[in-house]
Amino acid sequence: MNYKFIKLILPIFINLAISPIALAQKSKPNVLLIAVDDLRAELGHFENSAVQTPNLDKLASRGVSFTNHFVQVPTCGASRAAFLTGKKPRRTSELNNNIMANEFREKPEGKIPETFIHHLKRNGYYTVGIGKISHSADGYVYGYEEEVSDQVELPYSWDEMLFDAGKWQTGWNAFFAYADGENRQSLNRQVKPYEAGKVDDFGYPDGLSTQLAIQKLRELKDLNQPFFLGLGLFKPHLPFTAPKKYWDLYEEDRIPLAKNPGKPLNVSDQSLLESGEFNQYALGEEKAGVDHQLSDAYARKIKHAYYAATSYSDAQIGLVLDELEKLGLDQNTIVIVWGDHGWHLGEQRIWGKHTLFENALNSALIFKVPGRKYAKIEDAIVESVDIYPTLMELLAIESPEGLDGESFVNILHGEQKQIEEVAYSYYNRGISIRTPQYRLTKYFRKTEPVIELYNHQTDPLESVNIAAENPEIVARLLPLLEKGNTGLYDKN
């Protein structure tokens, strides 16, 4: 037997045997997720919008942008937990920001909820995270003023977890950063809730994260397997800080005020919010509260700051998408832009997010699927837990059992929505549902009223609770709400 000949040709046969599998795996679409903190569903391509987001507008022109996407929980960590695991909260402890740090801490792989990133990794994807994908600013578990730990918040999801804290030194310092290298913690909250920094894009952390993402895309281009890249941008989360050139995009006196700045009628103050997160920025010129409105001038200044921070994030997104196209990766990469919840900009006298009203629950969502010509601003109702099964269907990967969401791939294909149009949200001892016409909220508390009903055809601003005079509508919608009642208020 000619062993030299066998030794020569054996690698050829091995390559022939494995190359179809490798080729099939490599041909699977890559996934680029850009998660943006506090990005409400107010983008430049939406009707009557004053914010300038040209890069998100361009992405939407090539994909599907949802006007009626709703998160499960209006706070960062809990919203991201539901989004990443495809599961609605089942305990009140799942409504706080530390849910992932607590649930995933020192537990074996099979004993924790499987994020879709983990699921992709198990199915042959190389996974890279940059910045805030889960709740932690840099992917590691530690307190705002503690030293950085080596405990990864999502321990089984990542092949690489990257972050450049720059002059701020830690992820949480960077999250609350000001242009001079200080942060909310270092200055003991003696700061304003906004800043127009005389710096370039690298003068705030999101610019550094964007450059990391661009560098990583160049490396991933030659990877012999599909990849998932998650980029978490901080802005427009408080403090509303951005380079001055993004402030200069707007004329402050032309920024529109909230159309519904008063308290909604027929509701308890317990349904509202005293804007505590906003007010802890101690050098703010005015404090917000349900018992009074900010002055028009200050309200415009804060909206100006939020818009500038949004435009700054939009510019970073544009840089990443341009690089994706330059590298030719856009031809085989699914792009998802997701806001982790909305934010009240003075609506219902609230400056913040922790409510069960539309402004806190409605956030940005854009899908771009390579090879799809369908592009639309879509008003079908979808929720964050739907994204997990949708992504798996697009990638032809079987979803794990027990997900609460339903795929909306048919919408991305330009077809009619087949699933029931209802979104469920949970917070403040309440459950809220959004249908095409109504928002119904039920609070599990003693203070009346515990039922709120808003007709979005006649009152899209949710200004008047009409539950008392419409008992038949409430009775019709309550069974639908109960379908999403996971019993979380029955246990801790």
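The following questions and answers go through parts of a predicted model.

Me: In what order do the strands of the open sheet of four strands lie?
Reply: The pairing in this sheet is antiparallel. Its edge strands, each pairing on one side only, are strand 15 (423-427) and strand 18 (451-455). The order is 15-16-17-18.

Me: By what angle are neighbouring strands of this sheet turned against each other on average?
Reply: The sheet in question is the open one of four strands. With direction ignored, its neighbouring strands are turned against each other by an average of 15°.

Me: Which helix packs on the sheet, and what angle does its direction make with that of strand 17?
Reply: The helix touches strand 15, strand 16 (430-434), strand 17 and strand 18. It is helix 14 (residues 471-483), and the angle with strand 17 is about 70°.

Me: Which residue in strand 18 does Tyr438 stand opposite?
Reply: Strand 17 covers residues 438-443 and runs antiparallel to strand 18, with five bridges joining the two. Opposite Tyr438, in strand 18, stands Asn455.

Me: How many salt bridges does a search of the whole structure find?
Reply: Side chains of opposite charge can pair when their charged atoms come close. One network of salt bridges links Asp37, Arg80, Lys132 and Asp340. For the whole structure, the search gives 25.

Me: How many residues apart are Lys353 and Asp38, and are they buried or exposed?
Reply: A salt bridge joins the side chains of Lys353 and Asp38, at 3.7 Å from N to O. Lys353 is in the loop between strand 11 (351-352) and helix 11 (358-361), while Asp38 is in the loop between strand 1 (30-36) and helix 2 (54-60), so the pair links distant parts of the chain, 315 residues apart. As for their surroundings, Lys353 and Asp38 are both buried.

Me: How many residues apart in sequence are the parts that Arg90 and Asp404 tie together?
Reply: The closest N and O atoms of the salt bridge between Arg90 and Asp404 are 2.8 Å apart. Arg90 belongs to the loop between helix 3 (76-85) and helix 4 (99-104), and Asp404 to the loop between helix 12 (387-394) and helix 13 (409-412). The parts tied together are therefore 314 residues apart in sequence.

Me: Why does Arg90 count as partly exposed?
Reply: Partly exposed covers what is neither buried, under 20% relative accessible area, nor exposed, over 50%. Its salt-bridge partner Asp404 also counts as partly exposed, at 22%. Arg90 counts as partly exposed because its relative accessibility is 34%.

Me: With which residue does Glu358 form a salt bridge?
Reply: Glu358 lies in helix 11, and its relative accessible area of 10% makes it buried. The residues it touches, not counting those up to four places away in sequence, are Asn68, Phe70, Arg434, Arg439, His456 and Glu462. The salt bridge, with its closest N and O atoms 3.0 Å apart, is with Arg434.

Me: Which residues does Ala101 touch, not counting residues up to four places away in sequence?
Reply: Ala101 is part of helix 4 and is buried, at a relative accessible area of 7%. Gln151 is 50 residues from Ala101 in sequence, yet their C-alpha atoms are 9.1 Å apart in space. The residues touched are Val141, Gln151 and Glu153.

Me: Which residues lining the largest pocket are closest to its centre?
Reply: The largest pocket holds about 1,100 Å³ of space. Helix 10 (296-326) and helix 11 each give at least two residues to its lining. Of the 29 lining residues, the closest to the centre are Ala41, Glu47, Asn359, Pro460 and Leu461.

Me: How many of the eight residues of helix 12 are buried?
Reply: The buried residues of helix 12 are Ile387, Tyr388, Pro389, Thr390, Leu391, Met392 and Leu394. Helix 12 is therefore largely enclosed by the rest of the structure, and the count of buried residues is seven.

Me: Which residue with a positive phi follows helix 12?
Reply: The phi of this residue is near 55°. The residue is Ala396.

Terms used: Residues are numbered from 1 along each chain as its sequence is written. This is a predicted model: local features need pLDDT of at least 70, side-chain atom pairs count only at pLDDT 80 or more; totals for chains, interfaces and linings use all residues. Side-chain values use heavy atoms; hydrogens and water are left out. Two strands pair if DSSP finds at least two bridges between them. Axes are lines fitted to C-alpha atoms, for helices over the stretch in contact, and angles run from 0 to 180 degrees between N-to-C directions. Contact means heavy atoms within 4.5 Å. A salt bridge is a side-chain nitrogen of Lys or Arg within 4 Å of a carboxyl oxygen of Asp or Glu. Buried means under 20% relative accessible area, exposed over 50%, partly exposed in between (1.4 Å probe, protein chains only). On a 1 Å grid over the protein atoms alone, a cavity is a set of points where a 1.4 Å probe fits but cannot get out, and a pocket is an open set with protein on both sides within 12 Å along at least five of seven lines; lining residues have an atom within 4 Å of a point. Grid points are joined across faces, edges and corners, and a volume is the space filled by probe spheres set on the points.
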